[in-house]
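Please examine the structure below with attention to its sheets, its metal site, its cysteines and its surface. The paragraphs that follow take these topics in turn.

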Amino acid sequence: MNKCAVVVILAAGEGTRMKSAKAKVMHKVCGYPIIEHVVRTAEEISESLPVVVVGHRAEQIEQYLGQRVRYAYQAQRLGTGHAVMVARPVLEKTDGYVVVVAGDIPLIRSCTLQKMVRFAYEGRYDAVALSAILEDPTGYGRIIRDDAGDLERIVEHKDATDEQRQVKEINVSAYCFNIRALLASLDGLDNHNTQGEYYLTDVIHIMKERGNRVGAFVTWDADEVLGINTRVQLAEVEQKMRQRINRRHMENGVTLIDPNNTYIEPDVVIGCDTIIYPGNVLEGRTVIGEECILYPNSRIVNSLIGNRTQIQASVILDSKIGDETTVGPYAYIRPGSDIGNEVRIGDFVEIKNSSIGDGSKVSHLSYVGDGSIGRDVNIGCGTVFVNYDGLKKHRAVVEDNAFIGCNVNLIAPVTIRKGAYIAAGSTITEEVPEKALAIARARQVNKEGWVERRQLKKKGEGDK
Ligand code: UD1
Ligand code: CA
């Protein structure tokens, strides 16, 4: 047994040390709010919906998490023990073990919590506190053991004696409690301490006095336990989580040239033998295929990239890109774009809500907005899909094998039929038939001898 009946997440605190208008747990770590990481962990260790204790800026948390969790409302923040008291109605209806975890420790792993729960089951404990050994335990509650090495009590840093402060074993703020025993002891809490709060940590000693079996389970990964109370800790945790994600990809066969400068969010999937240069930011539900090369400095958000595709210094948002395609440098692929295989999207090209068929090329300096481009089409340098008439957006269609010369305007709605050519500099307002050449520009006029005649005229003026 390593699942528990329910998880209670404490997230009502003010988070004053963040100096922020936002709820502390809504600050992001690797792209997702702190609370998201903790809720996901909770979902892995219990079948029932987690209970989140909210208070300060509750509406922000409720809006984000919606129906994924249950809520307990702590109107006044009187301490972590009090926060658990407000979850009492849910706990009274539940039997077995509850895991209580602070909402500000996003690196905590579900497997560690599962080990703690198993430790509780197997040792028939009524309370188990997760602990860790820290080189610098400053600020954390200390695990105080008796002569036999059993858990005696937890003492907050601010309340600890000098001798107690020497202890390097700290309270992580994740616990497993037998629900009945916890409920029976909660009322014994008081706030007679330096912070005037009802400490959840005091429940350990109360339970012990009542004859309950209490223990501490040590996790050896000191990184997991880092709590976020300040922006400095936010950055530290971000770095640790990034390292954890990047390590996973490297273990799966992805080359990261510089893992310290590669930013990959937790849900991104990357295929084997893909190489990623520094400065890449991969966000949301992005999936990158196999054997791709991401040269430096791209941002790719919620996009699907095929196999053996190469991307350089570009931004790609909510789009799909096929196999063996090249993008960039300096391309901007905006939402709703579907780019095929063996396509070339070159420098300073913007694509929005458009489809581009296999083998087509948009090599330089073009805007393709609301376009449907077929296969093996060539879009010349400086082409503009003129999609907006000031009121509405319209689509332009360019069929297979068409050739659009440089500096062409396609005034949508308009269709260029299969294999048609458009002369450079044309402004196209009407359909171009299959295999026709369209020229839509003023015919050139050469005025022979014009320069000399002009100079003569100038001289005449000067003589006057
Ligand atoms: C807490 C522990 C400490 C432990 C440390 C680990 C207590 C008394 N202390 O201290 O032993 O070493 O975590 O990071 O529990 N919260 C509420 N309502 C409240 C107060 C807090 O919901 O009234 C929530 C906060 O939003 C936060 C969590 O409980 O997510 C922990 O509170 P915090 O004030 O950060 O406790 P620490 O001082 O870090
Ligand atoms: Ca904390």
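Two strands are taken to pair if DSSP finds at least two bridges between them. The model discussed here is predicted. By that criterion strand E29 (residues 355-356) is joined to strand E32 (residues 371-373), since two bridges link them and the strands run parallel. Within this pair, isoleucine 356 stands opposite isoleucine 373 of E32.

Both strands belong to an open sheet of nine strands, ordered E14-E17-E20-E23-E26-E29-E32-E35-E38, in which the pairing is parallel. Its edges are strand E14 (269-270) and strand E38 (414-416); each has a single partner strand, and therefore one side of each is left without a neighbour in the sheet.

Another open sheet comprises 11 strands in the order E12-E15-E18-E21-E24-E27-E30-E33-E36-E39-E41, again with parallel pairing. Here strand E12 (255-256) and E41 stand at the edges, and because each has a single partner strand, one side of each lacks a neighbour in the sheet. At the E41 end, strand E39 (residues 421-422) pairs with E41 in the parallel sense over two bridges, and tyrosine 421 stands opposite leucine 437 in E41.

These two residues lead to the surface. Leucine 437, located in strand E41 (residues 437-438), has a relative accessibility of 55% and so counts as exposed, the threshold being over 50%. Together with Phe403, Tyr421 and Ile439, Leu437 forms a nonpolar surface patch with about 410 Å² of accessible area.

The metal site comes next. The calcium ion (ligand 2) is coordinated by Asp104 (OD) and Asn229 (OD1), at 2.4 to 2.6 Å. Aspartate 104 lies in the loop between strand E6 (97-102) and helix H5 (110-123), whereas asparagine 229 lies in the loop between strand E11 (214-219) and helix H9 (231-251); the pair therefore ties together parts that are 125 residues apart in sequence. Aspartate 104 and asparagine 229 are both buried.

The cysteines remain to be considered. How many disulfides does a search of the whole structure find? The search finds zero. A disulfide requires two cysteine sulfur atoms within 2.5 Å. For cysteine 111, the closest cysteine sulfur, in cysteine 4, is 14 Å away, which is too far for a bond. Cysteine 406 is likewise in no disulfide, the nearest cysteine sulfur being that of cysteine 381 at 5.1 Å. Cysteine 111 counts as partly exposed because its relative accessibility is 36%, and cysteine 406, at 38%, counts as partly exposed too.

Methods
Residues numbered from 1 in each chain as written. Chains lettered and ligands numbered in written order. Predicted model: local features only at pLDDT ≥ 70, side-chain atom pairs only at ≥ 80, totals over all residues. Heavy atoms only, no water. Patch = residues over 30% accessible without salt bridge, like charges linked within 9 Å, V, L, I, M, F, W, Y side chains within 5 Å. Areas by Shrake-Rupley, 256 points an atom, 1.4 Å probe, with all protein chains shown as cover. Salt bridge = Lys/Arg side-chain N within 4 Å of Asp/Glu carboxyl O. Helix = DSSP H or I, 4+ residues; strand = E, 2+ residues; numbered from the N terminus. Buried < 20%, exposed > 50% of the residue type's maximum accessible area, 1.4 Å probe, protein only. Donors = N, O, S within 2.8 Å, 3.2 Å for Na, K, Ca; no water.
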